[in-house]
Amino acid sequence: KIKKILRDLAPYILFGAALGAATASKINDVVLALILPLVEGMRYLGMQPGERQKALLLILRNLLIAGMISLITFRIAQPYAFNGPSFFNVGINQNWWSGLQSLRVQASGVVDFPPALQWARRPITFSWENMVSWGLGWPLGLFAWLSYLGMGYLIIRKMGWRRHLPLWAFTGLHFVWLSFSWVRSMRYQMLIYPLLALIAGWGLLQL
């Protein structure tokens, strides 16, 4: 029974550890936390009404475990974010926090920060053009986005929409969010490169 529980929890433990490590490397990666609730929500909606009540508690438990593992991993991998020196002193280090706020303001275009002036006249399509041209390359880039549109079409038609919606929605929301931000560098879109590769693979299977 214990082995079965650990096997069931393994994906959530791994997700939490990966999320904590990614966020420790780049704080903006915390948006990846949205994927797990989206996946679990779609799985919940796909259940029979009689199964939902029992499954809801398990889903909440799994999300809580993933969140706890993520926080512990972040605490270990990013010690500068906390006051310390004790491991259990989890008060936020104000120097670390103020540094993040300074970087956020510089990248927002709100202050007159000379290196940020290069983004003043970049079109909304700047990020997409660079992703397709240089980040992914034309063959993969174009096919991935065509596959993305095809997946969206099937989702609208409700053909397998629960299976694909979390991947499709997160990729689109992240892309639009950064395409409309002040700094439109393609490196900020790196988070969705693997997802676009998965979508391209799905497109090949459809063909």
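A crossing of two helices is called left-handed if the near helix is turned anticlockwise from the far one by less than a right angle, and right-handed if it is turned clockwise. This term will be needed at several stops of the tour below, which concerns a predicted model.

**The whole chain**

Begin with the entire protein chain in a cartoon view. The chain contains eight helices and zero strands, and its pattern along the sequence reads α-α-α-α-α-α-α-α. Along the principal axes, the C-alpha trace spans about 60 × 55 × 25 Å.

**First stop: α1 and α3**

Select α1, residues 2-25, together with α3, residues 49-77. Two packed helices are described by the angle between their axes and the distance between the axes. For α1 and α3 the angle is about 35°, and the axes lie 7 Å apart. Their crossing is right-handed.

Next, display the side chains where these helices meet. On α1, the residues to select are L9, Y12, I13, G16, A17, L19, G20, A21, T23 and A24. Their partners on α3 are R61, N62, I65, A66, I69, S70, T73, F74 and A77. By class, the contact of α1 with α3 comprises 12 nonpolar residues, six polar residues and one charged residue.

**Second stop: a cis peptide bond**

Move on to the loop between α3 and α4, where P85 is found. Select G84 and P85: the peptide bond from G84 to P85 is cis, with omega near 0°.

**Third stop: α6 and α7**

Select α6, residues 138-156, and α7, residues 161-179. The two helices pack at an angle of about 130°, and 10 Å separates their axes. Angles that are neither under 35 degrees, nor over 145, nor from 65 to 115 count as oblique, and α6 and α7 are therefore oblique to each other. In passing α7, α6 makes a left-handed crossing.

The α6 side of this contact consists of W145, Y148, M151, G152 and I155. From α7 come W161, H164, L165, L167, W168, T171, G172 and F175. The residues of the contact of α6 with α7 include nine nonpolar and four polar ones, with no charged residue.

**Fourth stop: α7 and α8**

Keep α7 selected and add α8, residues 193-206. The axes of α7 and α8 come within 10 Å and cross at roughly 130°; these helices are therefore oblique to each other. The crossing of α7 and α8 is left-handed.

Here α7 contributes H164, L167, F170 and T171, while α8 contributes L195, L196, I199 and W202. The contact of α7 with α8 divides into six nonpolar and two polar residues, with no charged residue.

**Last stop: the largest pocket**

Finally, turn to the largest pocket, which has a volume of about 910 Å³. Which residues lie nearest the centre of the largest pocket? Select K26, N28, L103, A107 and Y188 to see them; they belong to a lining of 34 residues.

Three helices, α1, α4 (94-106) and α7, each supply at least two residues of this lining. The largest share comes from α4, which provides seven residues. Colouring the lining by class shows 19 nonpolar, 11 polar and four charged residues. Two of these helices were visited earlier: α1 in its contact with α3, and α7 in its contacts with α6 and α8.

Notes
Residues numbered from 1 in each chain as written. Predicted model: local features only at pLDDT ≥ 70, side-chain atom pairs only at ≥ 80, totals over all residues. Heavy atoms only, no water. 1 Å grid on protein atoms, 1.4 Å probe; cavity = no way out; pocket = protein on both sides within 12 Å on 5 of 7 lines; lining within 4 Å. Points joined across faces, edges and corners; volume = space filled by probe spheres on them. Helix = DSSP H or I, 4+ residues; strand = E, 2+ residues; numbered from the N terminus. Nonpolar A, V, L, I, M, F, W, Y, C, P; charged D, E, K, R; others polar. Axes fitted to C-alpha atoms, helices over the stretch in contact; angles between N-to-C directions. Contact = heavy atoms within 4.5 Å.
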